[in-house]
Amino acid sequence: MLDPQALTAEKTHTNKVNDFVIRFANVNGTGSASANFLFAKAIFRMGVPVTPKNIFPSNIQGLPTWYEVRVNENGWLGRREGVDFMVCMNPQSMPQDVACVKPGGYFLYDSSKYLHEEFIREDITYLGIPLMDMSNAAFADPRQRQLFKNVIYVGALSALLSIEFSALEDVLQSQFKGKEKLIAPNVKALQMGVDYVKEHFSYPLEMRVERRDLVKDSIMIDGNTACGIGAVYGGATVCAWYPITPSTSVPEAFNEYGLKFRIDPITGKKNYAFVQSEDELAAIGMAIGAGWNGARSFTATSGPGVSLMNEFLGLAYFAEIPVVLIDIQRTGPSTGMPTRTQQSDVMEAAYASHGDTKQIVLFPSTPVECFELTAEAFDLAEQLQTPVLLLSDLDLGMNDHMSAPLTWDDKKTYKRGKVLSTEDLEKIENFGRYLDIDGDGIPYRTYPGTHPSKGSYFTRGTSKDEYAKYTEDSDAYKRNMDRLLHKFNTAKEMVPAPHFYQANKENELGIIFYGTSIYAAEEAMHTLKQQGLKMDAMRIKAFPFSQAVYDFVSSHDKIYVVEQNRDAQLRSLMMIEMGINPAKLIPVLNYSGMPITADDIISQIK
């Protein structure tokens with residue numbers, strides 16, 4: 001029988017201070033999430049940039065789940081290939097968990113049971129701790145034994161990686177605020193891990209954490225929560241939704257913060273409606289009805305939900321009703337891999353519904369943009385009187401990210417668009433709901449009940465003239481469709497402008513990316529620049545494409561387009577809308593269901 005710890009006793013390791021990837025392999029449903037988050041949050045509180053990613057199965061319980069944490073004091077927060085330290089708590093996934101550790105790395109396992117020889121490699125260091133035996137001896141309750149086994153390994157890691165014990169205690173204080181009786185047993189479990197390491201290993205390891213002052217005033221927040229808060233601050237008063245992974249936490253966050261900020265101080269009642277509907281069709285139907293009635297309304301879903309909502313989106317587009325749809329993209333088609341990430345709803349969103357339909361689409365890249373663009377989506381929806389789709393994804397939506405604080409200007413006023421008041425209607429002889437008075441394609445609308453005799457009109461999905469009167473006259477239909485296209489062109493300079501990484505063209509090559517590709521793309525550009533390959537870069541934040549996007553594309557001969565889908569959907573959209581030679585746009589793709597990495601981008605460009 002091989003002794004893995006004796007076998008690796010004389011290994012040497014690269015000195016990795018504040019620069020490593022650690023992965024926790026657990027069984028879904030064993031309560032490891034809070035322990036793993038405790039680990040990541042403690043490093044964050046030591047002032048070191050950190051990015052955790054929860055890699056979980058769509059089944060509720062029993063299958064492998066991983067929690068991966070990248071620690072990087074240079075601030076690169078994208079996912080990185082390879083694992084430097086594996087905490088293996090799942091026999092089922094052990095073969096792949098052993099295989100993914102980089103040479104010179106560490107493998108921590110529960111030595112309560114025998115580690116089979118087939119899992120022993122000579123190029124990594126094994127750290128066996130009898131976690132289950134320790135937990136069974138210290139705790140009587142079966143559930144506590146399972147939970148505190150996870151906390152014990154966090155305590156062991158704190159000694160091995162030099163994580164300040166006080167930082168762990170601080171996180172526990174926050175985590176169990178209001179449930180203080182849970183703090184003492186957790187501290188006890190942490191200390192058990194520390195004591196075992198002190199007795200059995202040389203510590204800390206060459207791989208370790210050192211306190212820095214690099215996170216400043218940053219917070220840790222997931223994108224879905226930021227979207228929910230953005231909806232509250234953006235003035236939403238109606239949320240109708242149907243649960244679907246990975247979007248459910250968006251309406252949940254809206255309701256959570258609505259309960260804090262949207263309660264009438266006199267009556268104690270909610271100043272908003274929060275409706276879980278019977279299905280996706282009902283959800284967006286309710287949201288559209290509320291938007292027609294003058295409320296700021298939204299729904300949240302994922303790709304399959306958007307598919308179901310297509311007919312209603314067409315109605316809202318053609319009847320010109322403001323509504324916001326937040327799509328947290330996951331891996332499709334069909335059910336696909338519902339707990340993996342992708343950017344594969346771009347075409348579906350841009351042309352949602354049948355017929356000649358073009359929708360407004362926003363692409364947030366960070367939690368701050370989830371907050372800001374969600375709020376802005378309500379302004380755009382009302383200004384343009386049309387659906388606005390915000391495309392986040394599972395990686396951004398459900399994982400915690402180090403983020404700048406969410407800020408709001410209290411002087412900001414909502415942009416309600418062209419809405420006629422009672423006084424306005426008094427001055428009008430004959431109200432035309434679909435008249436293009438200002439020449440920008442955007443008509444004037446009224447709220448129901450504004451005036452006792454003026455301003456009413458039929459809202460319909462069938463063809464109508466400028467006065468909302470039903471007609472199948474070809475000329476009237478064509479005029480209406482041309483005006484809708486004209487409105488879409490007006491929107492090009494109203495939607496968020498792209499972000500440039502330099503003011504002017506400086507290089508022959510260009511790179512375009514959007515959404516959560518920002519994390520890997522920025523790191524890849526930095527690495528490529530060090531290697532002598534410089535590129536101009538643009539991050540697209542919205543569709544339709546503004547003139548600035550056209551100018552960037554036209555000023556470069558060769559442009560790489562980074563996307564997390566198989567069919568290069570943004571590239572296709574650019575070719576369709578901008579008439580670009582396909583040879584000019586070179587796709588850089590990832591559709592594994594895992595977030596794209598800088599190495600992935602670099603390998604496809606070089």
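This note walks through a few places in the model that are worth finding on screen.

1. Before you start: this is a predicted model, in which local features need pLDDT of at least 70, side-chain atom pairs count only at pLDDT 80 or more, and totals for chains, interfaces and linings use all residues. Residues are numbered from 1 along each chain as its sequence is written, and side-chain values use heavy atoms, leaving out hydrogens and water.

2. Start with Phe20, which sits in strand 1 (residues 19-27); strands (E, at least two residues) and helices (H or I, at least four) are DSSP runs, numbered from the N terminus. Is Phe20 buried or exposed? Phe20 is buried, with a relative accessible area of 0%; buried means under 20%, exposed over 50% and partly exposed in between, using a 1.4 Å probe and protein chains only. Setting aside residues within four places in sequence, Phe20 is in contact with several residues, including Val69, Val71, Leu161 and Met207, where contact means heavy atoms within 4.5 Å. For a sense of scale, Phe20 and Thr490 are 470 residues apart in sequence and 47 Å apart in space, C-alpha to C-alpha.

3. Next, look at Glu382 in helix 13 (residues 367-384). Glu382 is buried too, with a relative accessible area of 2%. Which side chains does Glu382 join by polar contacts? One polar contact, of 2.9 Å, runs to the side chain of Arg296, and another, of 2.3 Å, to that of Arg416. A polar contact is a pair of N or O atoms within 3.5 Å; within protein, one must be able to donate a hydrogen and the other to accept it, and residues adjacent in sequence count only if both atoms are side-chain atoms. Not counting residues up to four places away in sequence, Glu382 also touches Pro322 and Tyr447, among others.

4. Now compare two helices. The axes of helix 4 (residues 131-138) and helix 5 (residues 142-160) come within 9 Å and cross at roughly 125°. Helix 4 is therefore oblique to helix 5. Among the residues making the contact are Leu131 and Met134 of helix 4, and Phe148 and Ile152 of helix 5.

5. Finish with helix 19 (residues 569-578), which is mostly covered, as seven of its ten residues are buried. Among the buried ones are Leu570, Leu573, Met574 and Glu577. Just after helix 19, Gly579 takes a positive phi of about 65°.

Notes. Axes are lines fitted to C-alpha atoms, for helices over the stretch in contact, and angles run from 0 to 180 degrees between N-to-C directions. Angles under 35 degrees count as roughly parallel, over 145 as roughly antiparallel, 65 to 115 as roughly perpendicular and the rest as oblique.
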